[in-house]
Amino acid sequence: MPNPDGPNLKGFLREIHRLDTESRLRKTEARLAELERRLSEMSQLDPLTGLPNHRRFSDRLSQALLQAQRHRGAVGVLHLDLDRFKRVNELLGHEGGDEVLRLVARRLEGALRQGDTLACMGGGRFMVLLPELKDALGAIRAAQKLLEAFQAPFLAGSRELNLGASLGACTFPQDGLDANALQTHAEAAMYRAKERGGGRIECFTATLNQDSLERQELEQCLREALHNGELQMYYQPQFFMDGRLAGAEALLRWNHPLLGPVPPVKFIPLAEENRLILPIGEWALRESCRQMAIWQATTPDPLLLAVNVSALQFAHGDWDACVIRALEDSGLMAERLELELTESLVMRQGHEDVQPLHRLREIGTRIAIDDFGTGYSSLGYLQRLPITTLKLDQSFIAALQAEPPEMSSEHIVRAVIQLAHSLKLTVVAEGVETEGQRDMLEILGCDCLQGFLLGRPLPADGFEALLASVSAKRFLGAHRNPLEEVTVPLPPQPAQVRPRRR
Ligand code: C2E
Ligand code: CA
Ligand code: CA
């Protein structure tokens with residue numbers, strides 16, 4: 001008698017076998033899918049740091065741009081390149097260099113917000129995607145935070161390393177509309193930061209996009225500019241907190257007969273590349289000393305003239321002699337001249353090369369650190385070098401009243417002012433544009449202000465009119481009430497507000 005369970009059992013066993021095979025197949029499929037996912041993930045990750053690589057960065061950037069187009073938002077792209085990373089590799093070997101890159105990656109990650117993408121491009125380069133920006137300023141703030149992340153040294157093995165980075169920033173939609181353009185523009189801005197000595201942030205400007213042909217033409221024009229008298233000095237007033245005029249920063253202007261005004265951010269880096277900054281810088285120094293000596297002769301209050309010095313001038317053997325000659329020939333007192341140097345410029349010099357600084361300080365010349373806070377982290381030079389003034393970078397002033405409060409630079413500005421005062425240094429705030437910023441700087445104890453709120457750079461005759469009105473006010477004041485404080489009436493200009501009287 002056939003077993004009634006026979007076919008059933010067989011069928012049951014077959015079913016089990018089928019199910020088993022299916023389940024194994026499914027499992028295998030799941031494993032394969034997982035493997036595929038991981039492989040695909042790995043192909044989008046930098047193996048050294050575990051961060052997204054270039055491919056994933058581009059994907060995310062494209063997605064972020066689609067979102068931003070829909071919601072009319074802004075997107076930021078940063079390009080960060082470690083300064084002198086080749087030297088780290090030489091010093092520590094490639095393994096040591098890799099270890100440093102991992103440390104840098106972790107620190108940069110810690111400086112970013114959730115939702116931002118940090119990607120590693122290899123060779124000491126990183127890119128950052130800031131997908132939900134309120135405005136272009138947000139990109140600068142994020143870049144600032146990344147730069148601050150280099151303030152503390154890195155511990156690689158038993159060595160302490162001080163590293164720096166150059167950052168380029170750009171934003172959608174103002175600096176580019178697609179992923180490619182934005183990445184190229186952030187990189188171009190980063191190169192500009194390198195050209196300007198590294199350890200700083202540069203934002204993309206359309207001028208960076210010029211092709212080399214235009215650069216060559218511009219270079220040729222610049223060669224002729226000095227001889228053709230196309231260069232001019234402008235003077236931007238600086239004020240004490242109580243409203244008294246402190247002096248002026250001399251700023252170069254180039255007005256080409258056909259091209260029109262060429263902005264300094266365009267022609268000064270060019271002049272630095274082809275060494276034309278040497279004759280141009282010397283002319284700027286001599287011309288502004290000559291002018292200030294004339295003004296000083298007719299102005300009762302002492303005025304300070306701040307002159308920018310480029311890295312190339314500084315590195316040039318006889319630059320202190322050149323400054324002394326400009327003072328002697330103009331008759332301007334050394335105490336009335338302040339030379340503005342950038343942090344990275346000062347830090348790049350060996351000990352022997354800073355002797356001219358000491359010599360100039362000995363005769364009374366003041367030495368300012370320009371764009372303070374955007375350069376190097378180790379601040380030991382403030383004690384080592386004869387610095388008299390810190391010029392707080394504009395980016396800190398712009399972020400003073402940023403929202404949310406944790407994005408505000410208030411605590412940094414307060415710390416810088418306290419540090420400066422403890423070292424008996426004067427603090428000048430640059431780029432003061434609003435009453436709110438001015439009020440806050442007053443509360444924080446800043447010494448001097450410079451910015452569009454108080455006065456834009458003026459040609460010599462404009463500055464002269466400003467001086468005349470200061471003197472007139474003084475004279476009238478003397479007849480009315482000798483104790484009344486003098487405030488500075490400024491010539492009419494758009495969006496101009498008088499400095500406040502205490
Ligand atoms: P810098 O030395 O940091 O000069 C300050 C710049 O900020 C000037 O730009 C000035 O016009 C601008 N500025 C002043 N107040 C405000 C403000 O409230 N808001 C904003 N947004 N900007 C403000 P400028 O004249 O275009 O000069 C740009 C740079 O070119 C200077 O930056 C300096 O690095 C360089 N430069 C200018 N003149 C000379 C020079 O004679 N020699 C050298 N080596 N470099 C110079
Ligand atoms: Ca300056
Ligand atoms: Ca500056």
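The following questions and replies concern the ligand shell and the aromatic rings of a predicted model.

Me: How are the residues and atoms handled in this model?
Reply: Residues are numbered from 1 along each chain as its sequence is written, while chains are lettered from A and ligands numbered from 1 in the order in which they are written. Because the model is predicted, local features need pLDDT of at least 70 and side-chain atom pairs count only at pLDDT 80 or more, whereas totals for chains, interfaces and linings use all residues, and side-chain values use heavy atoms, with hydrogens and water left out.

Me: What makes the link between Arg253 and ligand 1 a polar contact?
Reply: A polar contact is a pair of N or O atoms within 3.5 Å; within protein, one must be able to donate a hydrogen and the other to accept it, and residues adjacent in sequence count only if both atoms are side-chain atoms. An N or O atom in the side chain of Arg253 is 2.8 Å from an oxygen atom of ligand 1, so the pair qualifies. With Phe452, a backbone N or O atom lies 2.8 Å from an oxygen atom of the ligand. Taken alone, ligand 1 exposes 790 Å², of which the protein buries 83% (Shrake-Rupley method, 1.4 Å probe).

Me: Why is the pair of Trp254 and Phe267 called edge-to-face?
Reply: Rings of Phe, Tyr and Trp (its six-membered ring) pair if their centres lie within 6.5 Å, and planes under 30 degrees apart count as stacked, over 60 as edge-to-face and the rest as tilted. By this rule there are six aromatic pairs. For Trp254 and Phe267 the centres are 5.6 Å apart and the planes make 85 degrees, so the pair is edge-to-face. Trp254 belongs to strand β9 and Phe267 to helix α7, 13 residues apart (helices are DSSP runs of H or I with at least four residues, strands runs of E with at least two).

Me: How do you know that Trp254 is buried?
Reply: Buried means under 20% relative accessible area, exposed over 50%, and partly exposed in between (1.4 Å probe, protein chains only). Trp254 has 1%, so this residue is buried, and Phe267, with 0%, is buried too.

Me: Why is the pair of Phe314 and Trp319 called tilted?
Reply: The centres of Phe314 and Trp319 are 5.1 Å apart and the planes make 50 degrees, which is neither under 30 nor over 60, so the pair counts as tilted. Phe314 is buried at 3%, as is Trp319 at 5%.

Me: What makes Arg456 count as lying over the ring of Phe452?
Reply: A charge sits over a ring if NZ of Lys or CZ of Arg is within 6 Å of the ring centre and within 35 degrees of the ring normal. Arg456 lies over the face of Phe452 at 3.9 Å from the ring centre, which is within the distance limit.
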